[in-house]
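Me: I have a model open and want to go through it in short turns. Please reason briefly and end each reply on the value or name I ask for.

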Amino acid sequence: MVDGVFARAFKTGVRPVEVGRRLVREMEEHRSVDVHGRRIVPNQFAVFLSPTDAATFAGIHDALVAELIDSVEDYAAQEGYYFMGQVTVDFVE
């Protein structure tokens, strides 16, 4: 889960590349091994945004979510990680 640190960390607003980096970091920090020895990573992400940042992303919401999901899936494939379900990214204001 992505917590609400963006408003404090990025004074000029949240940038999509920073959201992507944070999702990758969350995967790395919360990976585990299942009973079959596969490396499992989170598949559900909630990105908490300030109202200002949420408004900034409103026009590109669907495309941004699709891009973030693709990026997370690509990274997982490169690292040999597995998901326990479909990858989802939700923006929460």
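Me: What share of the residues in the chain is buried?
Reply: The model is predicted, and the chain has 93 residues. A residue counts as buried under 20% relative accessible area. The buried share of the chain is 34%.

Me: Which pattern does the chain follow along the sequence?
Reply: The chain holds four helices and five strands. Read along the sequence, their order is α-α-β-β-β-α-α-β-β.

Me: How many aromatic pairs does the structure hold, and what are the centre distance and plane angle for F57 and F91?
Reply: The structure holds two aromatic pairs. F57 and F91 form a tilted one. Its rings are 5.9 Å apart, centre to centre, and the angle between the planes is 50 degrees.

Me: Why does that pair count as tilted?
Reply: Stacked planes are under 30 degrees apart, and edge-to-face planes are over 60. The angle for F57 and F91 is 50 degrees, so neither of those classes applies. The class is therefore tilted.

Me: How many residues apart are F57 and F91?
Reply: The pair links distant parts of the chain. F57 lies in helix 3 (residues 51–57). F91 lies in strand 5 (residues 88–92). The separation is 34 residues.

Me: Are F57 and F91 buried or exposed?
Reply: The cut-off for buried is under 20% relative accessible area. F57 has 4% relative accessibility. F91 has 18%. Both values are under the cut-off, so F57 and F91 are buried.

Me: What is the C-alpha distance between P16 and F57?
Reply: P16 is found in helix 2. P16 is partly exposed, because its relative accessibility is 33%. P16 and F57 are 41 residues apart in sequence. In space, their C-alpha atoms are separated by 8.7 Å.

Me: How many salt bridges are there, and what is the N to O distance for R15 and E18?
Reply: The structure holds five salt bridges. One of them joins the side chains of R15 and E18. The N to O distance there is 3.0 Å.

Me: How are E18 and R21 placed in helix 2, and how far apart are their closest N and O atoms?
Reply: E18 and R21 are three residues apart in helix 2 (residues 16–29), which means a separation of about one helical turn. They form a salt bridge. The closest N and O atoms are apart by 3.1 Å.

Me: Which of the words buried, partly exposed and exposed fits each of R15, E18 and R21?
Reply: R15 has a relative accessible area of 40%, so R15 is partly exposed. E18 has 13%, so E18 is buried. R21 has 51%, and the limit for exposed is over 50%. R21 is therefore exposed.

Me: What is the N to O distance between R38 and D34, and is D34 buried or exposed?
Reply: The side chains of R38 and D34 meet in a salt bridge at 2.9 Å, N to O. R38 is partly exposed, at 33% relative accessibility. D34 has a relative accessible area of 17%, so D34 is buried.

Me: Which residues are joined into one network by salt bridges that share partners?
Reply: E18 forms a salt bridge with R15. E18 also forms a salt bridge with R21. The network is R15, E18 and R21.

Me: Which residues form the negative surface patch?
Reply: E67 is one of them and lies in helix 4 (residues 61–79). A patch residue needs over 30% relative accessible area. E67 has 48%, so E67 counts as partly exposed. The patch is formed by E67, D70, E73 and D74.

Me: How far apart are the C-alpha atoms of V72 and M27?
Reply: V72 is also found in helix 4. V72 is buried, because its relative accessibility is 1%. V72 and M27 are 45 residues apart along the chain. Their C-alpha atoms are separated by 8.6 Å.

Me: What separates the C-alpha atoms of T52 and G13?
Reply: T52 is found in helix 3. T52 is exposed, because its relative accessible area is 59%. T52 and G13 are 39 residues apart along the chain. The C-alpha separation is 8.1 Å.

Note on methods
Residues numbered from 1 in each chain as written. Predicted model: local features only at pLDDT ≥ 70, side-chain atom pairs only at ≥ 80, totals over all residues. Heavy atoms only, no water. Patch = residues over 30% accessible without salt bridge, like charges linked within 9 Å, V, L, I, M, F, W, Y side chains within 5 Å. Areas by Shrake-Rupley, 256 points an atom, 1.4 Å probe, with all protein chains shown as cover. Salt bridge = Lys/Arg side-chain N within 4 Å of Asp/Glu carboxyl O. Lys, Arg positive; Asp, Glu negative; His and termini not counted. Charge placed at Lys NZ, Arg CZ, Asp CG, Glu CD. Helix = DSSP H or I, 4+ residues; strand = E, 2+ residues; numbered from the N terminus. Buried < 20%, exposed > 50% of the residue type's maximum accessible area, 1.4 Å probe, protein only. Phe/Tyr/Trp six-rings, centres within 6.5 Å; stacked < 30°, edge-to-face > 60°.
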